[in-house]
Amino acid sequence: MLAAGLTQAVYFGIAMMMPLLARKRFHADNWQTVMVTATMPTLMILSIFWGDYLRRVRLRRYLSVHWAIVAIPLIAASFAQSFWTLLICYAVACVGSSGSSPVAGELLKGFYSDAKRGRAFALVNTAMFISWTAITLGIGYALDANEDAYRVYLPLAAVLYGLGILLLRSLVLTSNLQARRSLEITESFHMRRFIEPILHMKQILKTDRLFASYETAFMTYGVGWMICNALLPVLATDKFNMDYTDFAQSTQAIYPLCMLLMTYPMGRVMDRLGPAKTSCLSFAWLAFYPVALLIATTVFGVGVATAIYGTAMAGVHIGWMLGPVAFAKTPERVGQYVAIHTTLVGLRGVLAQGLGMLIYEISGHFGWPFGLASVSFAFASWQMWRLSERMKTE
C-alpha cells in the first residue's frame, strides 16, 4: 500500500496539475493545453514495448529502469523556463510512466488469488488515493503561494517515487516472485524486436474475441474520458477563472477522495460480478459527469460533477486494471494483456482529445463536446452489458 501511494499517487498528482501549471504559469493556449493533457494517455501506446521488455528482464531491473525514465525528466522539468521545455521533460517522464501498468498487472497476478484480487487492489488503491489527495492539495497551495514552487516539488516527487520503487523491489525479493517467472531470453538485438509486440497484440486480439470486445468497449468509453480530460482545464480557467487551489479542491482532491470512498465496495462488486458487469455499471453512472460539468455555474458545481466522476471512476479504475488480468489465461501473459490494454489508451488519446477541442473551438460552446462524451459513456455501458451476456455462454 505504501509503495502504491509513493509511486502512482506521486506521479498522477503531478500529471493532473500539469495542464493548469502550463496555462497559468507558462501561458499555454487551448491547443498547447491539449498537448499537455494528451501527452500521458497518448504515450501509453508505448506500454506494449514495456510489456515486451518486462518479459525479457528481471523485475528488479525493470523497476529501476522505469524509475529512471520517470524521475530524471521530472527533475529536469524543475529547471524549465518555457512551455516547450516543460512539455518535452513531461513527455519523456510519460514515456517512463507508460511502463507502470504491465508490471503492476504482473505483481497483482503474482501476489493475489483471483477470488480476492478485486478487494486487494481496492485496498492498495486506498493508500494511493489518500496520497493523491494530499499531493494535489499541497501542489495547489504551493503554486498559489509561489508559481515557481514546481522547481521544488518536482525533484521531491522524483525522490518519493524512488522510495516507492525501492519498496516494490524489496517485495519482489522477499516474495520470491522472481523465481516463479520464466524469462524470454534474446541472444542478440534485431529490428524484429520492435515489430514482435505489435504482431503479438494483433494475434491476441484476433484469437481472444471476448478480450477484443472488452477493449472495444473501453475504447468507446475512452472517447468520452479524453474529451472531458482535454476540456476540463479550459473550463476551469476560461469559464470559472479558478486559481490553483480552487482547481485542486474542486477537481483533483475530490476525485481521489470519492474513488477512495467507493473503491472497496467496487472491489467487492468486481469479485462478485466480474470486470464486464462492473464496467457496465460504472460507465452508465459516468454518463452523468459531462452533463453535470455543462450545467455547473459555480466552482461548487464543478465539485459536484467531480464527485459523480470520482464515484463512477472507482469501478472504471478497477475494471481498467483487473479486466486484462482476468482475461489473461496464465500469469506469464498478464503483463502482455495489460500492455495491450494500456497501448490502446494511447490510440484513443491521439484521436479523442484533439476531437474534443476541435468541436469546442468550432462550436464555441462546451455543450457539443460534453454531449458527445456523455453519449460515448452510455454506449460503452451498453457494449459492456452485451459482452457480459456473451461471457455466460462462451
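Helices (H or I, at least four residues) and strands (E, at least two) are taken here as DSSP runs, numbered from the N terminus.

**Figure 1. Overall architecture of the predicted model.** By this assignment, the chain comprises 16 helices and 0 strands. Of its 394 residues, 58% are buried. Among contacts with a separation of 6 or more, 86% join residues 24 or more positions apart. The chain exposes about 16100 Å², and 67% of this area is supplied by carbon and sulfur atoms.

**Figure 2. Nonpolar surface patch containing Trp31, Leu358 and Ile362.** Together, these three residues form a patch of about 310 Å². Ile362 belongs to helix H15, which spans residues 334-363. The relative accessible area of Ile362 is 66%, and this residue is therefore classed as exposed, the cut-off being over 50%.

**Figure 3. Loop between helices H1 and H2, with His27.** His27 is located after helix H1 (2-24) and before helix H2 (30-43), in the loop between them. Its phi is near 55°, a positive value in a residue other than glycine. Most residues other than glycine have a negative phi. His27 counts as exposed because its relative accessibility is 65%.

**Figure 4. Loop between helices H10 and H11, with Asn241.** Helix H10 (209-239) and helix H11 (244-273) flank the loop in which Asn241 lies. For Asn241, phi is near 50°, again a positive value in a residue other than glycine. Asn241 has a relative accessible area of 62% and is therefore exposed.

Note on methods. Residues are numbered from 1 along each chain as its sequence is written. This is a predicted model: local features need pLDDT of at least 70, side-chain atom pairs count only at pLDDT 80 or more; totals for chains, interfaces and linings use all residues. Side-chain values use heavy atoms; hydrogens and water are left out. Patches are made of residues with over 30% relative accessible area and no salt bridge: like charges are joined within 9 Å, nonpolar side chains (Val, Leu, Ile, Met, Phe, Trp, Tyr) within 5 Å. Accessible areas come from the Shrake-Rupley method with a 1.4 Å probe; for residues, only the protein chains shown count as cover. A salt bridge is a side-chain nitrogen of Lys or Arg within 4 Å of a carboxyl oxygen of Asp or Glu. Buried means under 20% relative accessible area, exposed over 50%, partly exposed in between (1.4 Å probe, protein chains only). Contact means heavy atoms within 4.5 Å.
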